[in-house]
Amino acid sequence: MLFTVIIPTCNRNEQLENCLYKIDPERQSLSSSEYEVIVTDDGHANQAEKMIPEKFPSIKWIAGPKKGPAANRNNGAKIARGKWLVFLDDDCLPNEDILENYSQLITSNPGIRVFEGGIEREGNMKSPIYKAPGNTRTNGGFLLSCNFAIERALFDELNGFDENFKYPHLEDYDLRDRILAINEPILFTLEAKVVHPWRIMKSGIKLGHFEEMSIYYNAKNGNPSALLPLLKCITISHLLKIGWFVKHLKLSADILTAFKIMFQHLAIVGLNFNKWEKKYY
């Protein structure tokens with residue numbers, strides 16, 4: 001078997017169903033004999049356990065370890081049968097030829113063991129409270145977890161994702177860094193693509209707690225960590241989006257919500273920074 005597609009999920013059945021509809025063997029151009037799909041479910045109620053056999057009987061469901069997305073992806077990799085692992089997120093919409101394109105790239109690029117796929121945002125951002133990752137640069141360089149392929153042997157050599165990343169933040173950058181550190185090239189391609197719908201941010205509290213992983217990432221890489229530069233970076237990222245909508249006179253109540261999200265994000269980091277720094281340094 002060439003591929004194992006690993007999709008971690010956590011209490012997002014609607015998005016997961018849309019993703020599985022696209023990756024289902026009935027719709028992918030690559031033969032079903034060439035790949036398997038594993039959904040590893042970190043939801044507290046294992047919400048996908050019933051839905052998957054009813055709607056996608058060829059897709060395998062397993063319970064996740066409930067230790068965060070890095071551990072959840074590793075959980076799927078442990079039982080994978082494919083020579084290559086393809087990681088997708090449960091809220092992405094893969095193209096019908098994504099696996100066939102990865103297969104062709106592997107054949108035409110012997111020696112390349114990691115392929116970084118394209119991520120296209122679904123339309124234009126409607127307001128500053130919407131969020132979606134994108135990766136359509138011609139040279140890539142991100143290795144975002146929602147779309148990439150890696151040879152199983154290399155993934156095992158690297159011991160997979162670092163499970164100390166307990167929140168969905170920077171665990172994919174960490175894997176990218178470790179791949180590059182052993183001089184393994186990463187080939188970026190727009191041919192193997194997913195579309196990423198926009199998500200509404202309802203609160204900045206989760207975003208703030210996710211920044212604990214920024215502290216861990218810096219500590220792991222021997223980088224200094226300082227509160228003010230982190231707060232500055234967070235502020236700029238929020239204000240850039242808010243400013244675009246203000247500049248183009250697209251005023252709405254969402255702008256006020258966006259400011260609230262920013263202040264929540266900053267407050268959580270400010271309140272927890274010293275505790276996080278003591279934990280990892």
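Two strands count as paired if DSSP finds at least two bridges between them. The model described here is a predicted one.

**Overall form**

The protein holds 10 helices and 10 strands. Its radius of gyration is 19 Å, close to the 19 Å that the globule rule gives for 281 residues, so the protein is as compact as a globular protein of that length. The C-alpha trace spans about 50 × 40 × 40 Å along its principal axes. Of the 281 residues, 51% are buried. Among contacts with a separation of 6 or more, 78% are between residues 24 or more positions apart.

**The sheet**

Eight of the strands are described by one open sheet of 8 strands, with mixed pairing and the order β3-β2-β1-β4-β8-β6-β9-β5. The edges are taken by β3 (60–63) and β5 (93–94); each has a single partner strand, so one side of each is left without a neighbour in the sheet. Inside this order, β6 and β9 pair in the parallel sense over 7 bridges. The bridge partner of Arg-121 is His-196, in β9.

Helices pack on this sheet. Helix α3 (residues 69–78) lies across β1, β2, β3 and β4 and runs at about 145° to β1. Helix α4 touches β1, β2, β4, β5, β6, β8 (147–151) and β9, and its direction makes about 175° with that of β9.

**Nonpolar cores**

The largest nonpolar core has 36 residues, and Phe-3, Ile-7, Leu-20 and Ile-23 touch the most other members. Elements that each supply at least two residues of this core include β1 (3–9), α1 (13–23), β2 (35–41), α4 (98–108) and β9 (187–196). Helix α4 gives the most, with 5 residues. Leaving aside neighbours within four places in sequence, Leu-20 is in contact with Ile-7, Val-37, Val-39, Ile-52, Phe-56 and Ile-59. Another core, of 21 residues, lies apart from this one; among its residues are Ala-80, Leu-154, Phe-165 and Tyr-217.

**Selected buried residues**

The table lists four residues and their relative accessibility.

| Residue | Relative accessibility | State |
|---|---|---|
| Cys-92 | 0% | buried |
| Cys-146 | 3% | buried |
| Asn-101 | 11% | buried |
| Ile-261 | 0% | buried |

Asn-101 counts as buried because its relative accessibility, 11%, is under 20%. This residue, Asn-101, lies in helix α4. Not counting residues up to four places away in sequence, Asn-101 touches Glu-191 and Ala-192.

Ile-261 belongs to helix α10 (residues 253–280). With residues up to four places away in sequence not counted, Ile-261 touches Ile-129, Met-201, Lys-202, Ser-203, Gly-204, Leu-207 and His-238. The C-alpha atoms of Ile-261 and Lys-206 are separated by 9.8 Å, and these two residues are 55 residues apart along the chain.

**Cysteines**

A disulfide is a covalent bond between the sulfur atoms of two cysteines. A search of the whole structure finds 0 disulfides. Why is Cys-92 not bonded to Cys-146? The closest cysteine sulfur to that of Cys-92 is in Cys-146, 4.3 Å away, which is too far for a bond, because a disulfide needs the two sulfur atoms within 2.5 Å. Cys-146 is likewise in no disulfide, and the nearest cysteine sulfur to its own is that of Cys-92.

Key. Residues are numbered from 1 along each chain as its sequence is written. This is a predicted model: local features need pLDDT of at least 70, side-chain atom pairs count only at pLDDT 80 or more; totals for chains, interfaces and linings use all residues. Side-chain values use heavy atoms; hydrogens and water are left out. Buried means under 20% relative accessible area, exposed over 50%, partly exposed in between (1.4 Å probe, protein chains only). A nonpolar core is a set of buried Ala, Val, Leu, Ile, Met, Phe, Trp, Tyr and Cys residues joined through side-chain atoms within 4.5 Å. Helices (H or I, at least four residues) and strands (E, at least two) are DSSP runs, numbered from the N terminus. Contact means heavy atoms within 4.5 Å. Axes are lines fitted to C-alpha atoms, for helices over the stretch in contact, and angles run from 0 to 180 degrees between N-to-C directions. The radius of gyration is taken over C-alpha atoms; the globule rule is 2.2 Å times the number of residues to the power 0.38.
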